[in-house]
Each structure stands twice: as structure tokens, then as C-alpha cells.
Amino acid sequence: MKRISLTQHLIEQQRQHNSIPAELRLLIETVGRACKTISHAVSKGALGEVLGSAGSENVQGEVQKKLDILSNEILLEANEWGGHLAAMASEEMESIHPIPNRYPQGEYLLLFDPLDGSSNIDINVSIGTIFSVLKAPDGMTTPTEKDFMQPGRKQVAAGYAIYGPQSMLILTTGNGVHAFTLDRETGSWVLTQSNMQIPVETQEYAINASNARHWYPPVTRYINEMQAGATGPLKKNYNMRWIAAMVADVHRILTRGGIFMYPADSRDTSVPGKLRLMYEANPMALLVEQAGGLATDGKQAILDIQPTKLHQRVPVFLGSKVEVERITAYNQE
Ligand code: F6P
Ligand code: MN
């Protein structure tokens, strides 16, 4: 097999599509390098003393794990000095992190969920890092939160690293979705799949069914219809999977199809769902659309939502086109 490294892939993409200027390449390579460091820490587990809670809470009131904080620091440190960024934002930080004055300021904005699926850390199940890249608005001098408030369609790159049986980096810069596997011996990300495509139809769904009593009627109807199987209105049997790390559930869907749902429900009407728009839903939505799937908030494409807050939450329905269209239609009825 001819081995194509992440760097070579990015340079070839630039030659073919003119879509990856040198600064953006540096940014993606830097994120890729940080993800290797996180992958290394994750794989040490108890031997690296990285498991367990850090005894603090993030801005969303979630208990922070040691690895949440460590991964956040790794990403901040790796990306601060290269001159490619103007500011960063993270699930683990209440406000944005402008690049310190001692470093040159670049033209990109980076958002991340440093360690997605934290509840899986201590049980040795897949977790990941999600990232989204925006261009700073023209004329911006001192970055503010407002500069990040761009719809997901404006992302110039998005992706995730998954730390599972293998560590993989899944990336889009707007020309398809490409997968790299970490070669632990040489320490490089090697292209292992180009142009991932989500099958249009599926018989697999992912939802946290323990929330069923709080669901709104369109979600209840849809899940009931899937559970009715071959003799029900959808005329086929469905299987269910829930890994409880968005990265891992989305990775399964990119690989073999399926639909992933984290709907809004009636528990607290001021909180529309659980997942965060800017650094969870948007990057995943871009990957899913680039792989031929769909991602909506139940009504409109996630990528068309105009954000108003850095940590805003959004309902998420993403994956195989036919199924996302179905639940989106039910929501609109
Ligand atoms: O980041 C939030 C998250 O951990 C996702 O990765 C995952 O899909 C979801 O929450 C799991 O939610 P629950 O705890 O309801 O299963
Ligand atoms: Mn997350």
C-alpha cells in the first residue's frame, strides 16, 4: 500500500482544489499533532494517572475529568504559538481564548470539544476530540465572541479524532471526508480511506432511550415506528446502538450508516437538547453533509443556524439521508 501522510494529503488537496492555504495546513497539522499527544495520554490510562475526576465543573455544570482538562491544555499549547490563529474556544472554557500578544495573530478561529464522551474515559470505551475551524471576519483586530458567531456553513475545516481500538483522524476541508489512522510506530497519520460516504438508507438508530418519557410526539412516533419492525409502517427491522460518545456514534454512522439523535425534550424547555452547536453539532454536520448524509435540528440544516452564544445547545438528528428526512418531516408536521 502506498502510504499517504496527512501532510502529503493536505498538499495534494491544495494543488487539486486550492482549498488549503499554508496557514490552514499548519493549523490542521497542529491539531493532528495535539490529537496524537491526547491519544498517547488516553492509551496510558491508569498507568499515566489520567483517569478519574478533576474535582471541578465546566461552564455547563458538568464534572470535569482529568483528561478533559489535560486535553484542553494540550490543544491550547499546541495551537498558541504557530501564528495561524486569532483565537480559540473550547467546551472547557467559559469565554474565548485570544492568542497572547507575544505571538503573531493569524486569520483563523479554532473551536474544540477537547475530550468528547467523557463518561467513557474510565471504562475504556471510545472517546474523541472534535474541532471546527472558521475564518476570522475581515477587519477584525481584537477577537471577541461575536467573531465566532458564524453559521456552520462557513467552516473551512472540521473533523474529529477518535481514540478507540485504533486512533483515527477524520477530516473535511470541504472536498469530501477523509480518514487517517495513527501509525503508532512512526507516529504519523496515514490516509486509510478517501471520500467516506454514508449509505443513504439504514436500519440502525442511536438515541438515549432512557429519556423516552420526556420526548416530544414526533420523536416518540418515529422511535415507535422503528421498533415496530418489519410489520410496522417502515416495513423493516431496525437495530439500536448507543456508545454515549458522539464521536464514536458518528464514526459508526460515517462507516456503515445509521441515524443519531439527541433531540430537545420536555425536561427543561430553556435547554434545547444536550449537544453544543459550535464545537459538536457544526463540525459533525459538515462531515456528515460532506459524506452525503444530512444533519438537522429537526427543522432546518444545522449548518444554516445563526449562532447567538458560544455554548448554545441544539437538537441533533444526523446520518443517513432517508432517515433524517423522515424525522425532520415528522417534526415539521
Ligand atoms: O458531549 C456530550 C456527550 O457526551 C456526547 O458525546 C454523547 O453523545 C452524549 O453526551 C451522551 O449523552 P447521555 O449521557 O445522555 O448518554
Ligand atoms: Mn462532547
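Student: How many helices and strands does the protein chain have, and what makes a stretch count as one?

Tutor: The protein chain has 8 helices and 15 strands. Both are DSSP runs numbered from the N terminus: H or I over at least four residues for a helix, E over at least two for a strand. This is a predicted model, in which local features need pLDDT of at least 70 and side-chain atom pairs count only at pLDDT 80 or more, while totals for chains, interfaces and linings use all residues. Side-chain values use heavy atoms, leaving out hydrogens and water.

Student: Why does the radius of gyration of the protein chain agree with a compact globule?

Tutor: The radius is taken over C-alpha atoms, and the globule rule is 2.2 Å times the number of residues to the power 0.38. For 333 residues that gives a value near 20 Å, and the protein chain has 19 Å, so the two agree.

Student: Which residues are closest to ligand 1, and what makes a residue near?

Tutor: A residue is near if one of its heavy atoms lies within 4 Å of the molecule. Ligand 1 is surrounded by 13 residues, the closest being D116, N208, M246, Y262 and E280.

Student: What makes the pair between N208 and ligand 1 a polar contact?

Tutor: A polar contact is a pair of N or O atoms within 3.5 Å; within protein, one must be able to donate a hydrogen and the other to accept it, and residues adjacent in sequence count only if both atoms are side-chain atoms. A polar side-chain atom of N208 lies 2.9 Å from an oxygen atom of ligand 1, so the pair meets the distance limit. For the side chain of Y262 the distance to a ligand oxygen is 2.5 Å, and for that of K274 it is 3.0 Å.

Note on methods:
Residues are numbered from 1 along each chain as its sequence is written. Chains are lettered from A and ligands numbered from 1 in the order in which they are written.
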